[in-house]
Every structure is written in C-alpha cells, then in structure tokens.
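Let's go through a few labels for this one and check what each rests on. Have a look at the model before we start.

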Amino acid sequence: MPSDMIVIGAGIVGISTALALQSRGRAVLVLDRPDPALKASAMNAGAFAFSDIVPLATPGIMRKAPRWLLDPLGPLSVPPVYALKIAPWMMRFWRASWPDRYRASMKAQASLMRVSQAALTRQVTDASAQHLLQAEGQLQLYEGEREFRASLPGWELRREHGIRFELLETREAIAAYQPGLDPRFTHAAYTPDWTNTCDPARWLSHLRHVFESRGGRCEAEDVLRLVRHEDHIEIMTTNKAVTTRQVVVAAGAWSHRLAASLGDHIPLETERGYNTTLDKGAFDLKTHLTFPAHGFVVTKINGGVRVGGAVELGGLALGPNYRRADILLEKARRFLPDLKTEGGSQWMGFRPSLPDSLPVIGRSPGDGRVLYAFGHGHLGLTQSAGTAELIADLVGGNRPPIDLTAFSASRF
Ligand SMILES: Cc1cc2nc3c(=O)[nH]c(=O)nc-3n(C[C@H](O)[C@H](O)[C@H](O)COP(=O)(O)OP(=O)(O)OC[C@H]3O[C@@H](n4cnc5c(N)ncnc54)[C@H](O)[C@@H]3O)c2cc1C
C-alpha cells in the first residue's frame, strides 16, 4: 500500500514541509541519508534574513567578479578544477544580473519573504519555539562614505518593498548598536526586524522532535532515484524500494540529481560556505553583524560567536579548504579587535543555489505528483516556513497566496 506522502531530505526545508503537511492532516514519512554532517541547515549563521531581498546576481557583478576570483581566498572563488563545470551556471548567473531580470527576481524574492515572515510566526506558535529565537536586529557595516553611497540604491529598493531600516552615518551611532568595532567602519544600516535563532541545529532538532512527537516518521535512507508508475511513485534507496502517491524533494544541494531521474534538468549548483564557531565569552555581540564587502557575518550562536560566509563554487565532491575559514576569522579579528579567536571549530556547508537566487517551489514538470522545494541558497532557514506552507497549499489543492511562476522548475 503506497504511503500518503514522502518528503526526501530532513534539512530545515524538508522538516518544515513535513510539519506543515502533517498539520493539514497528511501522514508523512521523511527520508534522509544517515550522515547528519551533510546538512547546511544545522550549522548555518542562524539568521531569518527577511530584509535580504537583493539577488546575488546584481547588475555589474560580472565586472567585479574577476577581481574577486583572482583572489583565491577572497569572498567569491572557483577552484580551478571546477571552473569549466561551473561555466554554464555562471552564464545563467550573468543573465540573471540583467536589470530587468534582477528587478523581477527581487520582486519575487520580496513576495516569498513576506509569506515566509508570516509563516514563521505561525510556525513558532505551533511548535512553541519562541525560546529558540533572539530578535536583536542586524547591522550592515561599510568602510567609508564611498562604500556606503554605493549601497544606497539597494536600500532604496528595500524601502520600496516595505523593509524597515535606519541609516547610520557616524561611528557613535554605530557604537550605540554594537560597541567594539574597528573605527574603519564609519557608516552602517540597521535592520530592526531581523531575527536569529540562537542555534540552527537546535532549531532543526526541535522542529523534527515536534514532527515526530505528533506521529511523523523519519527513516535513514539514501535515495538513489524516483521512478514513475501509473498509480504511484517508487522511491529507490540503497536498501529498498518505497512507494508513495506524492513526494516532496527537499534534498538541498543534491536535489537536482533526484529531479534528473524524472527527466527534469535543473541548474542547481552549490555555493560552499565556511564558518568558525567560538565559545561563550569570545565577544560581547549585541546584534548580527554583516560585512557586505567581505562576504561574511558575525553572529551569536548559543551565547558564543559564529564567524562565517564566503562563496566557493566548487561542487559537491571536492574536500573543504579550511584556509577560507581561517581568513574570515583573521578578518573578523581585525574588525572586532577584542574578539577571542582561540579554540574555534570549523565547518564547511553546501548552499543549494540557482543562478537567479530564487528557489524552486512547485510541481515537477515531468510528473505533477512530485513537488520540488529546494535551491534556497543563502536563505534556506529564512524561507523554510514559507516554502513549507506553499508546498502544503499545492498538495492540498489550495491557491497559494503568491504567484509561483518565478519559482517554477521549468523557468530555465
Ligand atoms: C556558511 C553558511 C551560512 C548560512 N547562513 C544562513 C542564514 O543565516 N540564514 C539562512 O536563511 N540561510 C543560511 N544559509 C543557507 C541555509 O543553510 C540553506 O539554504 C539551507 O540550510 C538549505 O536547507 P535544505 O533543507 O534545503 O538543505 P540541507 O540542510 O542541505 O538538507 C538537505 C538534506 O537532504 C538530504 N539528502 C540529500 N540527498 C539525499 C538523498 N539522495 N537521499 C536522502 N537524503 C538526501 C541531505 O542529507 C540533507 O540532510 C547558510 C549556508 C551556509 C553554508
């Protein structure tokens, strides 16, 4: 007898989706590989970054990219062995940066953020997760007038989308939000509505616990492919075949492999990111700090500090280059002179990324019984609750509150 609903992937998108489907009366089984270390969801920076609506592919980025790429440890890098492989994705990324496409992506992203913010409030109440949130806002920091002025068009666009922020043009104004910054930071923007979880790993395990305590099941299975049959979908794992009527693929940076088994070819790549987590007492962090010119953030995790970011377009197979995490930490020490950097633990994770910075949310073009929920790039935690509700709407035959055309799997 086929089971009602299977979700592949127990990252934050998969677990949130499983919870949303369960709350609408579905019996859900979640399948995930046995290796929990592979999840981006457990070790990210923990930010619900609802104001981050600006796509990575901004107009003019391809003029800046070569300068970054020439610096092997800069904020954006491509390991030479992966350069040819990533070229088609980079072409699409470049096209996504054309002004009309950039504006369209931003509009779609803003609509998903609105849904996600409202959905998070419902998820927090439903799962009694308030104790895992810290609402301390965010500071984006600029070194000098020039960098600040260059950021203003982006802030103006955020204003158009209803995002609240305060521009700070003196060191004193910045210090009122975060003392202890290097004086090179003369300007900043503060976003008061920014919220973090105190630990993404605890956030994920809490939601999974809620799902399981309500009768949801999770099984350790490595899924190889999906096979279509007239009256069911067969999920082939390394151990067995499982049948179901509907399936959600929420397998993060690996999702395109499963989609390919249905004939859907989706240009999903991974933007690998790095971080170092320092124990309590490393720094008295008052708010989430973002250093946009350097591509990293400093954030409070379990009372300690996590320093992380960077984009390495290096695929799923290459081993980590932890020199990248060292570089971020060295920069953080320069920017926060009192930061105690000893004894940290390092991590590398796979952001699942599409060239236009938008996820895929919707039905497979190859088979409408398969739904896709992946490719959230830098924003998977932020958009997890919203994605979950949208998928639950589609499964339940309800009209989603936003137009999902921009998120369709066939847009490429
Ligand atoms: C350094 C860094 C910092 C970040 N900071 C933030 C942040 O502050 N805020 C934010 O919103 N986002 C952030 N992100 C992005 C965020 O972590 C991801 O977008 C998000 O975790 C993706 O969630 P997911 O559930 O889609 O994927 P994952 O968490 O990767 O989960 C996918 C799951 O699918 C499983 N899976 C894959 N293939 C198969 C298969 N064949 N069979 C069975 N199981 C399979 C994997 O084992 C994995 O558990 C950050 C990412 C990085 C790397």
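Q: What makes S18 stand out in the shell around the ligand?
A: S18 gives the most to that shell, with four residues. Keep in mind that this is a predicted model.

Q: Which elements give two or more residues to the shell?
A: Helix H1 (12-23) and S18 do. The shell itself has 31 residues around the ligand, and the closest are Asp32, Ser41, Ala47, Gly377 and Thr382.

Q: How do you know that the backbone of Ala47 makes a polar contact with the ligand?
A: A backbone N or O atom of Ala47 sits 2.8 Å from a nitrogen atom of the ligand. The cut-off for such a pair is 3.5 Å, so the Ala47 pair qualifies. Ala45 passes too, with a polar backbone atom 3.1 Å from a ligand nitrogen. For Leu381 the partner is an oxygen atom of the ligand, 3.0 Å from a backbone N or O atom.

Q: How much of the ligand does the protein cover?
A: On its own the ligand has 990 Å² of accessible area, and the protein covers 97% of that.

Q: Why is Leu328 in H9 called buried?
A: Buried means under 20% relative accessible area, and Leu328 is in that class, so the label fits. Other buried residues of H9 include Ile327, Leu329 and Phe335. Among what covers the buried residues of H9 are strand S17 (304-312) and strand S18 (345-353).

Q: What is the span of H9 set against?
A: H9 (residues 323-335) reaches 18 Å from its first C-alpha to its last, close to the 18 Å expected for its 13 residues at 1.5 Å a residue.

Terms used: Residues are numbered from 1 along each chain as its sequence is written. This is a predicted model: local features need pLDDT of at least 70, side-chain atom pairs count only at pLDDT 80 or more; totals for chains, interfaces and linings use all residues. Side-chain values use heavy atoms; hydrogens and water are left out. The expected span of a helix is 1.5 Å times one less than its number of residues. Buried means under 20% relative accessible area, exposed over 50%, partly exposed in between (1.4 Å probe, protein chains only). Contact means heavy atoms within 4.5 Å. A residue is near a molecule or strand if one of its heavy atoms lies within 4 Å of it. A polar contact is a pair of N or O atoms within 3.5 Å; within protein, one must be able to donate a hydrogen and the other to accept it, and residues adjacent in sequence count only if both atoms are side-chain atoms. Accessible areas come from the Shrake-Rupley method with a 1.4 Å probe; for residues, only the protein chains shown count as cover.
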